[in-house]
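Biologist: Could you take one helix of this model and walk me through it closely, then show me how the rest of the chain is put together around it?

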Amino acid sequence: MSRHEVLVDADWVAEHGSDENVVLVEVDEDTTAYDGGHIAGAVKVDWKKDLQDPVRRDFVNKEQFELLLSSRGISNDDTVVLYGGNNNWFAAYAYWYFKLYGHGDARLLDGGRKKWELDARPLSTENVTRPASSYTASEPNTDIRAFRDEVVAAIGNKSLVDVRSPDEFAGRLLAPAHLPQEQSQRGGHIPTAVNVPWSKAANDDGTFKSDDELKKIYSAAGVNWDGDIIAYCRIGERSAHTWFVLQELLGQSNVKNYDGSWTEYGSLVGVPVAVGDEPGQA
Amino acid sequence: MCGAITGGLSVAGIDTTKEAVIQGRVLRAGSPVAGAYVRLLDPSGEFTAEVPTSATGHFRFFAGEGTWTLRTLAPGAKADRAVRAARGSVADVEVELEAA
């Protein structure tokens, strides 16, 4: 993959957003954002309601994903352009999720909602309905999804990249600072993980930095490009943003997102935890 | 400590003894700015969180103790404000943007 195949800018959306085979999809944590105004023609995907199993902590299964995309009028050969709030965290998560279930042509709108709004581009409150389709998903591709046992085994062996803020990495905060901090799990990080906050990869307006800048940032942090890389954060959405950078923009083929992330790891019994600003020992 | 703060957002439902709250409002020529982006930067300038302002221009963070920078972005405007947060207190900040 390379940048022009996976990333579009606002001008591209203005020109092609209503093309027959293009579907704009807004993905948010706070779905009232979509309801208050969205890019014309965009359908809504609710990160929690649509993409998480309502009972177990896991994804919706293949059949549920097929139903979701069919109900939104998305076909297998459509170009899906994802965007959202929080600097595209949840849109990147959805991108990764679409890839997990084998969607061919998915892209992110560079800068997401924020850049669109800061540029004072128009938003619409019109109800969007698309004729239902018949979507067929692939079996989940676990080459891009890491699970806890693999993460524990990766300590000291693979590049673990913790993409949370420095205060979360060190254990001084347990959640991003726009959320209340009262949580039960331990603070800290997976030993040997390097801390490269997701935000290092983005400009203030939410757009991605250049490939050269990105490569330097992760190289300087000690990421081994020849080995396997696992990214994690708190619930897997910010690390999906970093997964997108490493795998889709920089073309690494050996990157996994650990969506269990700190809310799982930090609650496991008996696993090693490092606190403070240093990666720590295996 | 609970209930409304003079001039600020209500902190009802928040345990302010455990949280270091930073909150406030973004204004332009005295009027609230909805949909501005307020980001919280740590002492090294690293991003820690970001929220869009509400319809009434309000924002809120749950920070750690220390000195932080609030960086506000709105169409045609950018403003930085330093703020101190401490557990058990609520730091109320008004960010005034230059008139567009």
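Modeller: Sure, let's take α11(A), whose buried residues are A:Arg238, A:Ser239, A:Ala240, A:His241, A:Thr242, A:Trp243, A:Phe244, A:Val245, A:Leu246, A:Gln247, A:Glu248 and A:Leu249. That's twelve of its twelve residues, so the helix counts as mostly covered, going by the cut-off of 20 or more other C-beta atoms within 10 Å. Keep in mind that this is a predicted model. The helix runs over residues 238-249 of chain A and reaches 16 Å from its first C-alpha to its last, close to the 16 Å expected at 1.5 Å a residue. After α11(A) comes A:Gly251, with a positive phi near 75 degrees.

Now step back to the whole chain. Chain A has twelve helices and nine strands, and 46% of its 282 residues are buried. Its radius of gyration is 18 Å, which agrees with the value near 19 Å for a compact globule with 282 residues. Along the principal axes, the C-alpha trace of chain A spans about 55 × 40 × 35 Å. Take the contacts in chain A between residues at least 6 apart in sequence: 76% of them join residues at least 24 apart.

The domain assignment splits chain A into domain 1 (3-140) and domain 2 (143-265). Their centres, taken over C-alpha atoms, are separated by 23 Å. Where the two touch, domain 1 of chain A puts in 20 residues and domain 2 of chain A puts in 18. On the domain 1 side, α1 (3-6), α6 and α7 of chain A each give two or more residues, and α6(A) has the largest share with ten. By class, that side has eleven nonpolar, four polar and five charged residues.

For a strand to set beside the helix, try β2 (residues 22-28) of chain A, which holds A:Val25. A:Val25 is buried because it has 25 other C-beta atoms within 10 Å. Leaving out neighbours within four places in sequence, A:Val25 is in contact with A:Ala42, A:Val43, A:Val45, A:Val80, A:Val81 and A:Leu82. A:Gly41 is 16 residues away from A:Val25 in sequence, and their C-alpha atoms are 8.7 Å apart in space.

Then there's the partner chain. In chain A, 21 residues are in contact with 21 residues of chain B. On the chain A side, α6 (85-100), α7 (112-118) and α9 (166-170) each supply at least two residues. The largest share there is three residues, and it comes from α7(A). That side of chain A divides into nine nonpolar, six polar and six charged residues. If you're following α6 and α7 of chain A, both also turned up on the side of domain 1 that touches domain 2.

Last, the scores. The model has ipTM 0.80 and pTM 0.92. Chain B averages a pLDDT of 87, with 90% of the residues scoring at least 70. Residues 1-6 of chain B are below 50, and beyond near neighbours in sequence that stretch has eight contacts in the model.

Conventions. Residues are numbered from 1 along each chain as its sequence is written. Chains are lettered from A and ligands numbered from 1 in the order in which they are written. This is a predicted model: local features need pLDDT of at least 70, side-chain atom pairs count only at pLDDT 80 or more; totals for chains, interfaces and linings use all residues. Helices (H or I, at least four residues) and strands (E, at least two) are DSSP runs, numbered from the N terminus. The radius of gyration is taken over C-alpha atoms; the globule rule is 2.2 Å times the number of residues to the power 0.38. Two residues are in contact if their C-beta atoms, placed from the backbone, lie within 7 Å. The expected span of a helix is 1.5 Å times one less than its number of residues. Ala, Val, Leu, Ile, Met, Phe, Trp, Tyr, Cys and Pro count as nonpolar, Asp, Glu, Lys and Arg as charged, and the others, Gly among them, as polar. pLDDT is the predictor's confidence in each residue, from 0 to 100. Domain bounds come from an automatic or database domain assignment.
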